[in-house]
Amino acid sequence: MAGPNWKLEWADWCPGCGNFGLLNAEQRAIQELGEDPKKIIMVSGIGCSGKIPHFMRIPVSGVHTLHGRSLAYAQGIKLANPELEVIVNVGDGDGLGIGAAHFVNAGRRNPDITVIIHDNGVYALTKGQASPTLRRGDKPKSLPVPNISDNANPIALALASGYTFVARGYAYDVNGLKELIKAAIKHKGLAVIDVLQPCPTYNDVYTKEFYDKRIYNLSSEKDWDPIVKSPEEEGEKMSKALQKSLEWGTRIPIGIFYQNELVPIYEERILQQAPSYKDNYPAKAKIEKDGKLITSVDDILKEKKI
Ligand SMILES: Cc1ncc(C[n+]2csc(CCOP(=O)(O)OP(=O)(O)O)c2C)c(N)n1
Ligand code: SF4
C-alpha cells in the first residue's frame, strides 16, 4: 500500500469546500483497495474539480485535460491500455454541460472506467454561474435572478445512457463515499458516482445544512437491492432506480441506485471482433527512435474488415 508522499500544502480550494472530502475519499479508496498507483490514471477537466489530480498525495498519474473532454481522453487511455485503472473527475458543468454528449455516449459503450461528478450546482471556478444540476427557481448568490432553466438529473441520465453502476455520494460523508468509490472501481463496467459537493463560496442554496437534514442512505430502505443478478431482473431494477432518481425534496437518497455486471464491457465487444486486441493493444506497440510506431493496428483493422 502506497503512503502519502507529500503534504497537501498547496491545495487552493476554499476552506470548507466539499472537494476536500472527495479527495480524501478517493485517496483512501485507492489505498484500501491496494491498487498499484502506477496503474492508476486520474483524468479531469477544467474547474475547481479539475484540480484533483494535482492534489493527490499518492503517486498516481494525472491528466488535467480540456473543459468537457475528460471522458473522451479517458476512453482513449483505456482503449490504448486496458490494463490501466482509469478514474475521471468532472464538475457538473464539465460533465453534464459542455461534456454531455461524451457522458451519454460513453454509457452506450460501457468501458471499464469510474466517473466521479463533483456536483455543486454551480460553475465554481468561473465564479458561480448556474450549472446543469441547479434547479429552476434556485438563486445562489452569484445569480442576479432565480435560475430559469430546468436541471439535468445525473442519476436518470446515467441510467438512460447505459451506465452499469450508478450511485450518489455526499462529500461530507467521507467514509460512505470512500466505500462507494471502492465499489465503483471494483465494478466491471462504466461506473458513475454523482457526489453532492457543497461549494460554500458560491452556492448558498445547496449547503451542508441543506443536505444534512435531507440525505438518507438507500441501504437503509427495507428490501433495497440494486444489483441485477439475471437478465430478467434488468427492467424491474432499472425502473426502481429511475423512480428513486426522481426523489429530491425533504428526502434525498444516496448510495447505489443500480448495478449490472451482465452487460459486456467495451473491451469484450472489441475482442469479439478482433481477438488480437488482447495482445496487441496500442500501448504495447513498439516505438522507434524517431517517435514513429513500428507496429501498427493494421492487423486489428483487417480482422474487423474495415
Ligand atoms: C471550452 C471551454 N469553455 C469554457 C471554459 C471556461 N470554464 C472554465 S471552468 C468552467 C466551469 C467549471 O464548472 P464545473 O465544471 O461545474 O466545475 P467546478 O468549478 O464547479 O468544479 C468554465 C465554463 C473553458 N475553460 N473551456
Ligand atoms: S469556489 Fe467552491 S468549489 Fe471552488 S474551491 Fe471554492 S468552495 Fe470549492
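Begin by selecting α4 (92–98) and β5 (122–123), each of which supplies at least two residues of the shell around ligand 1. Keep in mind, as you move through the views that follow, that this is a predicted model.

**Ligand 1**

With those two elements highlighted, look first at α4, which gives the most to the shell around ligand 1, with 4 residues. Next, widen the selection to the 16 residues around ligand 1, and pick out C48, S49, D92, G93 and D94, which come nearest. If you colour the shell around ligand 1 by residue class, you will find 7 nonpolar, 7 polar and 2 charged residues.

Which atoms of G93, D94 and N120 should you click on to follow the polar contacts of ligand 1? At G93, choose a polar backbone atom, which is 2.9 Å from an oxygen atom of ligand 1. At D94, stay with the backbone, where an N or O atom lies 2.7 Å from an oxygen atom of ligand 1. At N120, turn instead to the side chain, in which an N or O atom is 3.0 Å from an oxygen atom of the ligand. Now show the surface of ligand 1: on its own the ligand has 590 Å² of accessible area, and the protein covers 72% of it.

**Ligand 2**

Move on to ligand 2 and select the residues around it, among them W13, C14, C17, N19 and, further along the chain, Q197, C199, P200, T201 and Y202. The list for ligand 2 also includes C48, a residue that you have already met among those nearest to ligand 1. N120 is likewise one of the residues around ligand 2, and its side chain is the one you have just followed to an oxygen atom of ligand 1. How many residues of each class does the shell around ligand 2 hold? Colouring by class again shows 8 nonpolar and 4 polar residues, with no charged ones.

**The annotated domain and strand β8**

Select residues 47–195, the span that an unreviewed UniProt entry annotates as "domain: Thiamine pyrophosphate enzyme TPP-binding". This span is 36% helix and 22% strand, and the C-alpha atoms at its two ends lie 15 Å apart.

Now go to strand β8 (residues 191–196): are its residues mostly buried or exposed? The strand is mostly covered, with 6 of its 6 residues buried. The cover extends to both faces of β8, since A191, I193 and V195 on one side are buried, as are V192, D194 and L196 on the other.

Add the partners of β8 to the view, beginning with strand β4 (residues 113–119), which pairs with β8 in the parallel sense over 6 bridges. In this pairing, V115 stands opposite V192. Strand β7 (residues 165–170) also pairs with β8 in the parallel sense, over 6 bridges, and here the bridge partner of V166 is V192.

**Two loop residues**

Finish with two places in the backbone where the phi angle deserves a careful look. Most residues other than glycine have a negative phi. K127, however, has a positive phi, near 85 degrees, and you will find this residue in the loop between β5 and β6 (129–130). K127 is exposed, because its relative accessible area of 55% is over the 50% cut-off.

The other residue to select is D223, which is not a glycine and yet has a positive phi of about 65 degrees. D223 is found in the loop between β9 (215–217) and β10 (227–228), and its relative accessibility of 69% means that D223 counts as exposed.

Key: Residues numbered from 1 in each chain as written. Chains lettered and ligands numbered in written order. Predicted model: local features only at pLDDT ≥ 70, side-chain atom pairs only at ≥ 80, totals over all residues. Heavy atoms only, no water. Near = heavy atom within 4 Å. Polar contact = N/O pair within 3.5 Å; in protein donor to acceptor, adjacent residues only side chain to side chain. Areas by Shrake-Rupley, 256 points an atom, 1.4 Å probe, with all protein chains shown as cover. Nonpolar A, V, L, I, M, F, W, Y, C, P; charged D, E, K, R; others polar. UniProt positions renumbered as here; feature names shortened; annotations may be inferred. Buried < 20%, exposed > 50% of the residue type's maximum accessible area, 1.4 Å probe, protein only. Pairing = 2+ DSSP bridges.
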